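Trainee: I would like to learn how to read a model of this kind with some care. Could we go through its features in turn, with the general idea set out before each case?

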Amino acid sequence: MNVLLSTTYFGPIQWYQKLYRADMVLIERCESFQKQTYRNRCLIASTQGVQALTVPVVSEGSSLINNVRISDHGNWRHLHWNALKSAYGESPFFEYYEDDLRPFFQPDWEFLFDFNEAIRKKMCELLDIHPHVHYTEAFTSPLDISRTSHLVPRTSHLDYRYAIQPKHPAPDDDFTPRPYYQVYREKHGFLPNLSILDLLMNMGPESIFYL
């Protein structure tokens, strides 16, 4: 199976399942930036429930995802890091992965796509998965954008670019969230398909068995 995926900021478990199980992955770098999606947003489990962390961005002259720059607005790096420490500081594996994650909350990246790819590579390293990843050279619209069928062939690829999203995700018969230990499960119940960070912080090296 070959898949076409959008870029993501600490993407959800569903996204990493596709990355892990696919024979080959194309990551979209030629689309226009989509607001309120996993391209610059991740969902974590906090003491208050699901919390969204959003990277502020700015596009100057071009809205292509490959050209979108990260903004320094709102001291977001500090806020995101503190949110992760608050959410997962008591989880079994936060201290184990803390040094791997801390560099992503320093101003070392200018472009969102490059930032997301650095994150993806580090997550693959920590998960011990080795996907065959390539990047699109041109944008191709989905063959069918109806709400009932987002997962359609693009040449030889299944297109998940607009199916895996925080709001109104498309049905996916190949993904069924399986419960695992979560710090706040007794308070909120199991919260499915959060950021890959939630799985790593709670399950550590066993995360690969949930993908």
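Mentor: Let us begin with how elements get their names: helices and strands are DSSP runs, numbered from the N terminus, a helix having at least four residues and a strand at least two. Keep in mind also that this is a predicted model. With those names in hand, Asp-128 can be placed in the loop between α4 and β7, the latter covering residues 133–135.

Trainee: What is the sign of phi at Asp-128?

Mentor: Most residues other than glycine have a negative phi. Asp-128, which comes after α4, departs from that pattern, since its phi is positive and near 60°. Its relative accessible area is 49%, so Asp-128 counts as partly exposed.

Trainee: Which residue in the loop between β2 and β3 should I look at in this light?

Mentor: Gln-36 sits in that loop, and its phi, near 55°, is likewise a positive value in a residue other than glycine. With a relative accessibility of 45%, Gln-36 is classed as partly exposed.

Trainee: Turning to the helix that ends before Asp-128, how many residues of α4 are buried?

Mentor: Buried here means under 20% relative accessible area. By that cut-off 13 of the 16 residues of α4 are buried, and the helix is mostly covered. Its length can be checked as well: at 1.5 Å a residue, the 16 residues should span 22 Å, and because the end C-alpha atoms lie 22 Å apart, the two values agree.

Trainee: Which residues touch the most other members of the largest nonpolar core?

Mentor: A nonpolar core is a set of buried residues of certain types joined through side-chain atoms within 4.5 Å. The largest one in this model has 60 residues, and those touching the most other members are Tyr-9, Phe-10, Tyr-16, Leu-19, Phe-115 and Met-123. Several elements supply at least two residues each, among them the strands β1, β2 and β3 and the helices α1, α2, α3 and α6. The largest share, nine residues, comes from α4.

Trainee: At what angle do the axes of α1 and α4 cross?

Mentor: Angles from 65 to 115 degrees count as roughly perpendicular. The axes of α1 and α4 come within 12 Å and cross at roughly 70°, which means that these helices are roughly perpendicular. Where they meet, Trp-15, Tyr-16 and Leu-19 of α1 face Ile-119, Arg-120, Met-123, Cys-124 and Leu-127 of α4. By class, this contact has seven nonpolar residues, one charged residue and no polar ones.

Trainee: Are α2 and α3 roughly parallel or roughly antiparallel to each other?

Mentor: Angles over 145 degrees count as roughly antiparallel. The axes of α2 and α3 cross at roughly 170° and come within 11 Å, and the pair is therefore roughly antiparallel. On the α2 side the contact is made by Trp-81, Leu-84, Lys-85 and Tyr-88, which meet Phe-94, Glu-98 and Leu-101 of α3. Five of these contact residues are nonpolar, two are charged and none is polar.

Trainee: To finish, which residues does Met-1 touch, leaving aside those up to four places away in sequence?

Mentor: Met-1 lies in the segment before β1, where it touches Arg-21, Ala-22, Asp-23, Met-24 and Leu-158. With 39% relative accessibility, Met-1 counts as partly exposed. From Met-1 to Met-123 the separation is 122 residues in sequence and 21 Å in space, taken from C-alpha to C-alpha.

Terms used: Residues are numbered from 1 along each chain as its sequence is written. This is a predicted model: local features need pLDDT of at least 70, side-chain atom pairs count only at pLDDT 80 or more; totals for chains, interfaces and linings use all residues. Side-chain values use heavy atoms; hydrogens and water are left out. Buried means under 20% relative accessible area, exposed over 50%, partly exposed in between (1.4 Å probe, protein chains only). Axes are lines fitted to C-alpha atoms, for helices over the stretch in contact, and angles run from 0 to 180 degrees between N-to-C directions. Angles under 35 degrees count as roughly parallel, over 145 as roughly antiparallel, 65 to 115 as roughly perpendicular and the rest as oblique. Contact means heavy atoms within 4.5 Å. Ala, Val, Leu, Ile, Met, Phe, Trp, Tyr, Cys and Pro count as nonpolar, Asp, Glu, Lys and Arg as charged, and the others, Gly among them, as polar. The expected span of a helix is 1.5 Å times one less than its number of residues.
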